[in-house]
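Biologist: Please take a close look at one part of this model, the open sheet, and then place it among its surroundings. A connected account would suit me better than a list.

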Amino acid sequence: MSRAAAPLQWLTMGLLAVGLLGLSPALSLSLLAFGLAVLTALKLREARSLEERRLVALLQLVGAGLLAALRPELGPSLLQGLAILLALAGLLALELGAGPDWKALMRRSLQVLLAALPIALVLFLLLPRLMPFSNLGTGQGMGVMTGLSDSMEPGSIARLSVSRAAAARVAFPLGGGPPPLGQRFWRVLVHQRFDGRRWRSTAPPLPRPAAGQPTPPPPAAPGEGIQLWLVEPSGLAAVPWSGAGRPLSPDLTLQRSGELLNRAPGSQRRVYALTQTADPGDWRSQPPGPIDLVLPRGENPRLEALAAEWRRLGSDRQRLNAAGSWFRSQPFRYTLEPGALPRQAPLDRFLFETRLGFCGHYASAFTTLMRAAGVPARVVSGYRGGQWVQPVGGSGYVDLRQADAHAWSEVWLQGEGWQRVDPTAWADGDPLASAVTTSETATGTAPWDWLQRQWWGLDIAWARWWLGYDSEQQQALVQRLLGDQRHLLGLVVLLAVAISLAASLGGLGWLGRRRSGDPLRLELEHTLRAFARHGLAPQAGETLPVFAQRLMQRWPALAGPLNAYVANYQRQRFASTPSRTGRRQAQRLGRALRRSLRTGNLPKEAVQREHP
Amino acid sequence: MDFGRPQQGERVRLRMRNLYILPTRFGWLWLAGTVLLQVIGVQMQSNGTLLLSFLMLSLFLLTLHLTHFNLQGVELGCGAPAPGFAGDPVPYPIRLRCPGRSEGVRLRLGGEAAGPPLSLPPGEHELTVAWRPPGRGWHQPGLLRVQTTAPLGLFCCWSRWYPGAAQLIYPARRAGPVRLLAGGSAPLAGEPAVASRQDGSDDWRDLAPHRPQDSPSRLAWKLLAQGRGEYAKRFLDQPETAPRLAPDPGLPLEVALEHLSERIWNYHGRGLSYGLELSGQSVAPGRGLAHRDQCLAALACCR
């Protein structure tokens, strides 16, 4: 057992502990991971014998695998990879006796890991995927984390703090880009229930688990683009999307209201894909229900009086236009510190007295006005805008922060379906309007931001290529490799495993042989082999200078490099202390000699052959 | 892991026919862990877990060969075993010729505990393995087990061999009574009865003219003071009477031999001369390594 074994195993424990830090304790699997880590640490503390220490290494590997299931993101994955490497090094240290030091152990562990990787990749890429055995483990453990929530009560908020925390990223890997900045609305929740103060979503907080196996939706057609989403933990089942497109991930279900629900636990980061199409989805033409007109009468008398004027107008479109021109005519101003509204007639106070508010105030007041005027309307919350980031290399993405959270309204217009109206845009000082005018370069020029964006670019590439490799991708790969010879898959896998095993063993053997021996001698043998290919090899008992003489007779042009090489070799061979620079010089001279042998003698030989 | 047909002979080359390899208990556990991770990976649809599970499986496949390569082609041979004493662990030399690097090699002789794992670079190695001989005489060390679990401990590869070279084992050293025959009392024919007298420092014998290299302590000061010139004293050592050791007749032969063995070791350590008288053979008094070994060998082979 090497002395390095214990520190290596403790270091692995430390890495696993760091990996555990980000887990939400609500998920039962993460409790299992915590328990496993604690037990492993205890076992490591009391372990004395070789067998016990081996068991610790295995437990560490299983722990890393459990963590990989819980935290599949790029950063934690790198940490888990390092933990696996160290666990293997610890296991090697147990077997290799007292000799090797840390560096040798890490090198050997890396060698073994790299040698095993090709076989693992073959199995990983080619073996058909199994579907989950049951729907255990999903849909549980909703935390509360984001700026979005399924109830919205702007009047109770005196001051809205702006968080720059990351909310989501969306990439368009098959080309196409996001809509222009002014048109970027990413819908998440639809709030239809209104009790006079608070808007609530009708969507179930937890989506129903699908009965039986979820059927994977058909893949994207060739002409369609893809929007690939990566959403930070939000605690909500509803996830953002552009409002147009068709779900590609089996976890997704599209509600009639236009909410996109994801069955994966909201306490985790979620990755999903939709097609990207220009035409709006079906949800826009779903007719409104009675709930879209519900309004507690008498709460805000001045508001109702104003709406009653508009109610007399002929069409919904005219009522909408009237409301728009009224909002623009009033001195509304956007602010994040509007102060709290009174419990009595809060919207009257906002619309006719303070006229200060953020998106929630405008969406809430406008929707109430529309309902009072007899137009079905609802509040939608989600994200607006988002910065387009083009990392160095890789495809660009839209970066959404919690500060981009927004609320707007949707009204039902007969013959046109649900139409988006953003009343905040009518207010003075709307941040999006100023962002459009000053273009997108305004924020985040600090180097730290730049680094973070590059990292997120890597992250989204990781999400696309690594997390996105699922059963269908695997099928597609097999289809591409084998075409209609799918029945040969088993044979191909076996063959590929055998070949990569042989290649790995060969590679390891080569690594083992390569370093053995005196470097000066190895260099000489390399050079002698070059001459042997031309049919000249030293005879038994022949010294290097004599052999060099013989070579010079055959190739007089080589005299210069040969003499230099031989003189240097002898000097180094008989030097009292072999020096690194001498070895380097031997290698350089050897290279020069072999090069001049390659380039210099060939024409001469040709001449000799012409005149035998 | 300890079964399989043992090899015989002076040298043995380990190859497919005489190497055995099986997963260790840890290897089976490793496979169970792989299956567990596969289940987790499938259940959570997690690529990282699935890849780790496949990685562990491929490490299993890879180490099957790596462990086998540790011993594949290794040549085992006997060195010339030096004699040892019964009762103590005795080193037995084993020659190994490794064609490549051999990691984690453990050797075990008889019922002893396995030695520490050794990492052997390619080439010839002479290793010693300790074993406990059962008694005196010529003994073969019994079954040699050579095994390795490197690099990951998932597989145990082993082979068994009876090394051919016998080792001479002296009787154990145990202090006890020994019969001492007076030196020279019964000189045997053909041997000088008395060891020759030799110059020493015990008895004053003679005077000789002083030479500059003589020690001043040897200078005969009295004569110098009397003005009779410089003389150096010459002294003489009495030759010790070398005892001849024989087994105590009152004890069983084996016990008596063990006492003799200890006495010879003791005398040799103090630089004394001794002889040996056994039933059927005797060794003339003398000293030195060769003499000691001759006496001990006589003890070992005594009937």
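Modeller: Two strands are taken to pair if DSSP finds at least two bridges between them. The model is predicted, and on that criterion six strands of chain A form an open sheet with antiparallel pairing, in the order β1-β4-β3-β12-β15-β16. The edges are β1 (151-152) and β16 (417-421) of chain A, each of which pairs on one side only.

At the first of these edges, β1(A) is joined to β4(A), residues 199-201, by two bridges in the antiparallel sense. Within this pairing, S151(A) has R200(A) of β4(A) as its bridge partner.

At the other edge, β16 of chain A contains G417(A). Is G417(A) buried, exposed or partly exposed? A residue is buried if 20 or more other C-beta atoms lie within 10 Å of its own and exposed if 12 or fewer; G417(A) has 16 such neighbours, so it counts as partly exposed. Leaving aside neighbours within four places in sequence, G417(A) is in contact with R284(A) and S285(A). The C-alpha atom of G417(A) is also separated by 7.4 Å from that of Q286(A), although the two residues are 131 apart along the chain. Another residue of chain A, V421(A), belongs to a core of 76 residues that also includes V231(A), A238(A) and W462(A). That core is separate from the largest nonpolar core, which has 110 residues; the members touching the most others there are A64(A), A87(A), A93(A) and L299(B).

A helix is laid over the sheet. Helix α9(A), residues 359-372, lies across β1, β4, β12 (377-384), β15 (405-413) and β16 of chain A. The angle between α9(A) and β15(A) is about 15°.

Next comes a strand that is not listed in the sheet order, β14(A). All five residues of β14(A), 397-401, are buried, so the strand is largely enclosed by the rest of the structure. Burial applies to both faces: Y397(A), D399(A) and R401(A) are on one side, with V398(A) and L400(A) on the other. β14(A) has an antiparallel pairing with β2(A), residues 166-171, over five bridges, and another with β13(A), residues 387-389, over three bridges. D399(A) takes part in both pairings: R169(A) stands opposite D399(A), and so does Q387(A).

Elsewhere in chain A, two helices pack against one another. α6(A), residues 301-311, and α8(A), residues 346-354, make an angle of about 65°, with their axes 7 Å apart. On the α6(A) side the contact uses P301(A), R302(A) and L303(A), which meet L347(A), D348(A), L351(A) and F352(A) of α8(A). By class, the residues of this contact are five nonpolar, no polar and two charged.

Last is the boundary with chain B, where 43 residues of chain A are in contact with 43 residues of chain B. On the chain A side, the elements giving two or more residues are α3 (50-70), α4 (74-95), α5 (102-126), α11 (447-467) and α13 (489-514). The largest share, 10 residues, comes from α3(A). The side of chain A that touches chain B has 30 nonpolar, nine polar and four charged residues.

Key. Residues numbered from 1 in each chain as written. Chains lettered and ligands numbered in written order. Predicted model: local features only at pLDDT ≥ 70, side-chain atom pairs only at ≥ 80, totals over all residues. Helix = DSSP H or I, 4+ residues; strand = E, 2+ residues; numbered from the N terminus. Contact = placed C-beta atoms within 7 Å. Axes fitted to C-alpha atoms, helices over the stretch in contact; angles between N-to-C directions. Nonpolar A, V, L, I, M, F, W, Y, C, P; charged D, E, K, R; others polar. Core = buried A, V, L, I, M, F, W, Y, C linked by C-beta atoms within 7 Å.
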